[in-house]
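This report takes up the internal cavities, one helix pair, the start of the chain and a few backbone details. The sequence and structure are shown first, and the discussion follows.

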Amino acid sequence: MKRGLVLCGGGSLGSYEMGVWKYFHEKDIHFDLVTGSSIGSLIGAMYVSGDYEACLKLWETITVDDVITNGINIKKKMFSEDKAGSRLVPLTRSYIANGGVDNAPFKKLLASLVDPKKVKDSKIPLGIVVTSYPAMKEVDVISHELKEEEIMNYLLSSSACWPIFPMMKIGKKRFVDGGFTNNMPIDLAIKMGATEIVAVQLRAYPPVPQHIELTELPFVTTLSANIDLGFMMNFDHETLQNNMALGYLDAKKKFGDAIGNYYTFTSLGHYKEMANSFAYSCVKDNPSLWKIIRKDLEKEGYHPKTSADYFLATLEIIGKWINITPYKEYTVQEFIKTTKERCVELLQGQDRSGEFRETHGEKTLTKNEQIPFLAYLYRSFNAGHKASHANYYFKRSPKTILIKTLMQKLYEK
């Protein structure tokens with residue numbers, strides 16, 4: 001059996017892949033071969049070289065200046081930052097002059113991190129995907145089959161995210177980013193002999209990898225975030241750390257060391273009994289409602305089967321409404337405590353429950369109405385009432401019965 005690791009391309013979103021590697025490193029999980037496109041090939045080069053600590057430090061410290069001269073973090077509201085406006089003119093000038101941004105800092109950084117000799121001599125082969133230009137055809141190369149002096153050029157070609165980065169030339173041939181033709185090279189891993197594969201999907205460019213059907217193969221385990229990782233050219237420190245945390249937590253859930261979907265929980269613990277009681281209370285008067293409730297949850301990205309699944313999905317929905325951070329691991333007890341504290345924080349001094357009953361009772365539960373809805377439940381259950389007005393929402397938003405029932409269970413407890 002050969003275990004393969006497939007690393008997707010996605011620029012700064014590679015921080016998520018570093019988080020996945022962090023989990024593998026802690027669990028002492030090893031791979032016999034690696035394939036990658038773009039940033040995936042660069043992380044892959046450090047993986048086959050055994051440079052875990054160096055790669056971790058890279059993602060903990062890297063800035064846009066380590067990648068691009070006069071670089072700008074591409075993200076929402078980026079021009080509200082002081083540096084963005086002042087750097088736009090010199091960035092544009094260098095772009096026109098070079099046929100892409102000035103990525104000399106990136107080349108220097110890569111040279112300091114990747115030792116071609118270690119990649120060449122490693123017992124773990126690295127499959128690198130590049131794209132020929134102008135034919136835009138996939139070209140696959142294997143580290144063990146390359147000359148030592150060729151390895152760095154192919155790594156740079158694989159990550160030549162044209163038209164942002166300039167094209168790369170190797171001899172007389174020109175290449176651009178491997179992600180243009182095969183951004184998650186599962187098929188290359190199979191060709192190299194992998195019989196068990198873990199593939200990391202970043203949803204960068206393209207958002208859906210070219211051969212997404214290969215993720216359905218029974219020997220392929222795919223890791224991907226349920227949370228938007230942001231833009232692939234955003235090297236903001238907080239964003240990178242959050243993405244790294246997500247990669248670690250998602251790997252932990254995927255391999256059975258934690259539970260949850262959007263959030264991460266250590267285990268259900270002694271809340272299993274509450275989960276069963278919660279599920280029963282939701283439909284005890286009308287069991288046929290369960291099908292409607294399940295369909296509503298599926299729209300939210302949940303596919304529950306057990307009472308525990310419904311319990312956690314509902315807890316997560318409330319958590320998202322009140323903006324509990326997903327970048328850490330919780331016990332269920334900690335999450336419930338945080339939920340209650342967050343509700344008090346958000347609702348303190350806001351007497352909106354009357355407004356909810358008068359103006360929103362017959363409407364679909366919109367995003368703007370989520371906090372008033374929770375305010376109504378919070379105040380009703382604290383006062384010992386049954387929150388009967390919440391039932392108005394059920395036909396148009398079936399998950400509200402889950403939220404109402406769970407909130408009631410939490411305040412009863």
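## Basis and the start of the chain

A residue is called buried when its relative accessible area is under 20% and exposed when that value is over 50%, with partly exposed in between. The model discussed here is a predicted one.

Met1 lies in the segment before E1, and because its relative accessibility is 74%, Met1 counts as exposed. Apart from its neighbours within four places in sequence, Met1 is in contact with Asp32, Thr195 and Glu196. One of these partners, Thr195, is separated from Met1 by 194 residues in sequence, yet the C-alpha atoms of the two are 5.9 Å apart in space.

## The largest cavity

Three cavities of 30 Å³ or more are found in the structure, and the largest of them has a volume of about 270 Å³. Its lining is made of 22 residues, of which Gly11, Ile39, Leu42, Phe106 and Phe235 are the closest to the centre of the cavity. Helix H2 (39-48), helix H3 (52-61) and helix H5 (104-113) are the elements that contribute two or more residues to this lining.

By class, the lining of the largest cavity comprises 17 nonpolar residues, four polar residues and one charged residue.

## The second largest cavity

The second largest cavity encloses about 50 Å³ of space, and its lining consists of Leu5, Leu7, Glu17, Val20, Trp21, Phe24, Ile43 and Tyr47. Strand E1 (3-7), helix H1 (14-27) and H2 each provide at least two of these lining residues, with H1 giving the largest share, namely four residues.

Sorted by class, the lining of the second largest cavity has seven nonpolar residues, no polar residues and one charged residue. H2 thus appears in the account of both cavities, as an element that gives two or more residues to the lining of the largest and at least two to that of the second largest.

## Packing of H3 against H9

Two packed helices are described by the angle between their axes and the distance between the axes. For H3 and helix H9 (residues 237-254), the angle is about 135° and the axes are 8 Å apart. Angles that are neither under 35 degrees, over 145, nor from 65 to 115 count as oblique, and H3 and H9 are therefore oblique to each other.

On the H3 side the contact is made by Leu56, Trp59 and Glu60, while H9 takes part through His237, Leu240, Gln241 and Met244. The residues of this contact divide into four nonpolar, two polar and one charged.

## Backbone details

Most residues other than glycine have a negative phi, and most peptide bonds are trans. Against that background, Asp28 has a positive phi, near 60°, and Ser38, which is not a glycine either, has a positive phi of about 55°. Asp28 is located in the loop between H1 and strand E2 (33-37), whereas Ser38 is located in the loop between E2 and H2. Their surroundings can be set side by side: Asp28 counts as exposed because its relative accessibility is 54%, while Ser38, at 6% relative accessibility, counts as buried.

The peptide bond that leads from Tyr133 to Pro134 is cis, with omega near 10°. Pro134 itself belongs to the loop between strand E3 (126-133) and strand E4 (138-142).

Technical notes. Residues numbered from 1 in each chain as written. Predicted model: local features only at pLDDT ≥ 70, side-chain atom pairs only at ≥ 80, totals over all residues. Heavy atoms only, no water. 1 Å grid on protein atoms, 1.4 Å probe; cavity = no way out; pocket = protein on both sides within 12 Å on 5 of 7 lines; lining within 4 Å. Points joined across faces, edges and corners; volume = space filled by probe spheres on them. Nonpolar A, V, L, I, M, F, W, Y, C, P; charged D, E, K, R; others polar. Axes fitted to C-alpha atoms, helices over the stretch in contact; angles between N-to-C directions. Contact = heavy atoms within 4.5 Å. Buried < 20%, exposed > 50% of the residue type's maximum accessible area, 1.4 Å probe, protein only.
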